[in-house]
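User: Please take a close look at one part of this structure and describe how its strands are covered and paired. I would then like to see that part set beside the rest of the fold.

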Amino acid sequence: MSTERGPISQFIERNYLHFNAAALVDAAKGYETHLLEGGKMMVTLAGAMSTAELGISLAEMIRQGKIDIISCTGANLEEDIMNLVAHSHYKRVPNYRDLSPQDEWDLLENHYNRVTDTCIPEEEAFRRLQKHIYKIWKDADTAGERYFPHEFMYKILLSGELEQYYEIDPKNSWMLAAAERNLPIVVPGWEDSTMGNIFASYVIKGDIKATTMKSGIEYMAWLAQWYPENSGGKGVGFFQIGGGIAGDFPICVVPMLYQDMEMPEIPFWSYFCQISDSTTSYGSYSGAVPNEKITWGKLDINTPKFIVESDATIVAPLIFAWILKQ
């Protein structure tokens, strides 16, 4: 056992020897090897990992250069910032499994939106961010400028405007770490997030032009340029947390470049891991085993492939701890 590692890594190496525990260790070692051999890594964030406070470990991964690009849902993009500026106003509901429809209605009436066991406060989180981001949207619209959703978020974070509201240690915000590094991000389907809905409302009112926000197609076009520029040598790995559009969207860039752009030399993703609690199934994309991706031209026969069937809120921080030698 390596003595240069911290207690978490040592515990994992000693105890996680079989089944999903062993798959976790194999995936972590594969990630580490990929980086040591000069590879780059995309991490994809599904669901509500930001509200699960993944930023505590993810931000350090970003700062230490263990992640080169992120694909995330609009929810993850905004909810990390909401946690940064409104943490003390969040409400935990440990008995969420026992809530009646009336209990849920009461939460709504009190302006709490529930994500599993955690309620996000509307006024302190959503509306606080809306007030500040609207001005940045509007200024860009007036100036005839266009940006991606994450670029607007980077602008608000780097402006320092939100510092007055910080309620957690800023080092635990992955979005702040990403903004400081200007880390590439793609946010497919941003429109279905709360800020996406709010932006749409301004478009419907005629206050802001829809084109002020760059689209998902433009994200794909941008990724189609980024991937060939970064897939030389060891190539780009794909570390997928959960399922859904955050993973489905970016992984398709390889077959698109190969088949539709007629670039037969484009490298496959050179490492693949998915953390999923979706039951293995060929009808549920989130539950499809990695080999299925070979038939879609996403992974090579020899691409290291891992799947950890467990809760990502438990597994991802442990894998990150291994890579960070904690």
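Analyst: Strand S5 is covered on both of its faces in this predicted model: Thr118 and Ile120 on one side are buried, and so are Cys119 and Pro121 on the other. In general, side chains of a regular strand alternate between the two faces of the sheet.

S5 belongs to an open sheet of three strands, ordered S3-S5-S4 and paired in the antiparallel sense. The edges are taken by strand S3 (91–92) and strand S4 (112–115), each of which pairs on one side only. Between S4 and S5 (residues 118–121) there are four bridges, with antiparallel pairing. In this pairing, valine 115 has threonine 118 of S5 as its bridge partner, while tyrosine 112 is matched with proline 121 of S5. The hairpin of S4 and S5 has two residues between the strands, and threonine 116 there takes a positive phi near 55 degrees. On the S3 side, two bridges join S3 to S5, again antiparallel. Arginine 92 has threonine 118 of S5 as its bridge partner; threonine 118 is also the partner of valine 115.

Helix H6 (residues 122–143) packs on this sheet and touches S4 and S5. The direction of H6 makes about 55 degrees with that of S5.

The other sheet to consider is an open one of six strands with parallel pairing, in the order S6-S2-S1-S7-S8-S9. Strand S6 (185–186) and strand S9 (305–308) stand at its edges with a single partner strand each, so one side of each has no neighbour in the sheet. Within this sheet, strand S1 (residues 40–45) runs parallel to strand S7 (residues 236–241), and six bridges join them. Threonine 44 has glutamine 240 of S7 as its bridge partner.

Helix H2 (residues 19–36) lies across S1, S7, strand S8 (271–275) and S9, and runs at about 140 degrees to S9. An aromatic pair links H2 to the sheet: tyrosine 31 lies in helix H2 and phenylalanine 239 in strand S7, so the pair ties together parts that are 208 residues apart in sequence. The structure holds 15 aromatic pairs. In the pair of tyrosine 31 and phenylalanine 239, the ring centres are 5.3 Å apart and the planes stand at 65 degrees, so the arrangement is edge-to-face. Both tyrosine 31 and phenylalanine 239 are buried. Tyr31 and Phe239 also belong to one aromatic cluster with Tyr271, Phe306 and Phe320.

A further pair joins two strands of the sheet. Phenylalanine 238 and phenylalanine 272 are stacked, at 5.9 Å centre to centre with 20 degrees between the planes. Phenylalanine 238 lies in strand S7 and phenylalanine 272 in strand S8, so this pair ties together parts 34 residues apart in sequence. Both phenylalanine 238 and phenylalanine 272 are buried.

Helix-to-helix packing is shown by H4 (residues 74–86) and H8 (residues 174–181), whose axes come within 8 Å and cross at roughly 105 degrees. This makes H4 roughly perpendicular to H8. Asn76, Leu77, Asp80 and Ile81 of H4 make the contact with Trp174, Met175 and Leu176 of H8. By class, the residues in this contact are five nonpolar, one polar and one charged.

Key. Residues are numbered from 1 along each chain as its sequence is written. This is a predicted model: local features need pLDDT of at least 70, side-chain atom pairs count only at pLDDT 80 or more; totals for chains, interfaces and linings use all residues. Side-chain values use heavy atoms; hydrogens and water are left out. Axes are lines fitted to C-alpha atoms, for helices over the stretch in contact, and angles run from 0 to 180 degrees between N-to-C directions. Angles under 35 degrees count as roughly parallel, over 145 as roughly antiparallel, 65 to 115 as roughly perpendicular and the rest as oblique. Contact means heavy atoms within 4.5 Å. Ala, Val, Leu, Ile, Met, Phe, Trp, Tyr, Cys and Pro count as nonpolar, Asp, Glu, Lys and Arg as charged, and the others, Gly among them, as polar. Two strands pair if DSSP finds at least two bridges between them. Rings of Phe, Tyr and Trp (its six-membered ring) pair if their centres lie within 6.5 Å; planes under 30 degrees apart count as stacked, over 60 as edge-to-face and the rest as tilted. Buried means under 20% relative accessible area, exposed over 50%, partly exposed in between (1.4 Å probe, protein chains only).
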